[in-house]
Every structure is written in C-alpha cells, then in structure tokens.
Amino acid sequence: MAGYIKIEVEKLETQSINTQINSEILTEFQKKCKKQNLQMCTVIETFARQYANRRYHLNTEDILKWKNDDGETSTLNTPINKEVYNRFKNVVKTRGFFVKNVLSAFIEDYAKNELILEFVSKDVE
C-alpha cells in the first residue's frame, strides 16, 4: 500500500535582492549555477551568510571596480533568507560598500573560478 509522509517545515521569511548588475557577468553566473545544478538564490544566500560572518573575502579593488561599471545591466532578482540578507547588508554598509557592488564582485569571482561554497547549518559567531 502506497502512502505519504507529511513533514512540517518552518517557512523562513525571505527578502528579495533586486538590483542591477553587469549583464555579461550575470549571464556567466547563471551558466555556472546551472552547470553545477545549483539555484542562484542558494549560492547567493550562502555567500551572503559567509561574507557577513567574515568567512568569504573579496578584494576592495574587485568591489570598487563595479561602482563605475557603465556596461549593459540586467536585473538580479532573487530571494534569500531575510535575516541573512539584513546581516549581510549591515556588514556591507559598515565596510563602506554598496550591496550591488559586493554582489557583482562575488558573482564575477564565482563565475570565473572553481569555488566551493561551504553550506553550514548554523552561523558561526
């Protein structure tokens, strides 16, 4: 006899990241995520969590170069955990950067390199 198992899952509140970034690098990132069979939102949320916990380093020059990027842009629109996003945004602002520039630097880093993001079940303080 076939049946099913009902699992109670807590739905976490999400926050949509909705920003303009360089079209070319976004396309490369999308291809990389698809090749690795990962959702973009999962990769971005993992990065945001690690960056907020100072476990992912980006060079300042790599972040700032996106500030004056005048190339064609596309909209990055992806949901991530709201608590993670708020912590990430606060760390970004504390360091004197803009979220879209930090995300652009990460997306470029991820698209061009063979990085492995560490999925952790609990934030390390």
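These legends walk you through several close-up views of a predicted model.

**View 1. The whole chain, with its helices and strands.**
Start here to get your bearings before zooming in. The chain contains 5 helices and 2 strands, and along the sequence they come in the order β-α-α-α-β-α-α. Of the 125 residues in the chain, 39% are buried. Take the contacts between residues at least 6 apart in sequence: 87% of them join residues at least 24 apart. A total of 5 salt bridges is found in the structure, and some of them appear in the views that follow.

**View 2. A salt bridge joins K82 to E13.**
Here the closest N and O atoms of K82 and E13 are 3.3 Å apart. K82 belongs to helix α4 (residues 82-94), while E13 sits in the segment before β1 (14-22), so this salt bridge ties together parts of the chain that are 69 residues apart in sequence. The two partners differ in how they are covered: K82 is partly exposed, at a relative accessible area of 28%, whereas E13 counts as exposed, at 53%.

**View 3. K65, E108 and K112 form a network of salt bridges.**
Zoom in on E108 to see how these three residues are linked. Towards K65, the closest N and O atoms of the salt bridge are 2.9 Å apart. That pair links distant parts of the chain, with E108 in helix α5 (residues 99-112) and K65 in the loop between α3 (60-64) and β2 (73-81), 43 residues apart. Towards K112, E108 forms a salt bridge with an N to O distance of 3.2 Å. K112 and E108 are 4 residues apart in helix α5, which means that about one helical turn separates them. In an α-helix there are 3.6 residues a turn, so residues three or four places apart point the same way. Coverage varies across the network: E108 is buried, with a relative accessible area of 11%, K65 is partly exposed at 42%, and K112 counts as exposed at 58%.

**View 4. Helix α5 is mostly covered.**
Follow α5 from end to end and you will find that 11 of its 14 residues are buried. Among them are V99, L103, F106, I107 and Y110, along with E108 from the previous view. The buried residues of this helix pack against β1, α1 (23-35), α2 (40-52), α3, β2 and α4. The length of α5 fits as well: at 1.5 Å a residue, its 14 residues should span 20 Å, and the C-alpha atoms at its ends are indeed 20 Å apart.

**View 5. Helix α4 has a buried side and exposed residues on the other.**
Which residues of α4 are buried? They are V84, Y85, F88, V91 and V92. These residues cover an arc of only 130 degrees around the axis, so they lie on the same side of α4. On the other side of the helix, E83, K93 and T94 are exposed. The buried residues of α4 pack against β1, α2, β2 and α5. From its first C-alpha to its last, this helix of 13 residues reaches 18 Å, close to the 18 Å expected at 1.5 Å a residue.

**View 6. The two ends of helix α4.**
At the N-terminal end, N81 acts as a cap on α4, with a side-chain oxygen 2.8 Å from the backbone nitrogen of E83. Look past the other end to find G96, which follows α4 and has a positive phi, near 85 degrees.

**View 7. F29, Y51 and F88 in the largest nonpolar core.**
This core has 33 residues, and F29, Y51 and F88 touch the most other members. At least two residues of the core come from each of β1, α1, α2, β2, α4 and α5. The biggest contribution is that of α5, with 8 residues. What does Y51 touch, leaving aside residues up to four places away in sequence? Its contacts are Y56, L58, I63, F88, V91, V92, R95, F97 and V102. Several names here will be familiar from View 5, where F88, V91 and V92 are among the buried residues of α4.

Notes:
Residues are numbered from 1 along each chain as its sequence is written. This is a predicted model: local features need pLDDT of at least 70, side-chain atom pairs count only at pLDDT 80 or more; totals for chains, interfaces and linings use all residues. Side-chain values use heavy atoms; hydrogens and water are left out. A salt bridge is a side-chain nitrogen of Lys or Arg within 4 Å of a carboxyl oxygen of Asp or Glu. Buried means under 20% relative accessible area, exposed over 50%, partly exposed in between (1.4 Å probe, protein chains only). The expected span of a helix is 1.5 Å times one less than its number of residues. Contact means heavy atoms within 4.5 Å. The arc is that of the directions from the helix axis to the C-beta atoms. A polar contact is a pair of N or O atoms within 3.5 Å; within protein, one must be able to donate a hydrogen and the other to accept it, and residues adjacent in sequence count only if both atoms are side-chain atoms. A nonpolar core is a set of buried Ala, Val, Leu, Ile, Met, Phe, Trp, Tyr and Cys residues joined through side-chain atoms within 4.5 Å.
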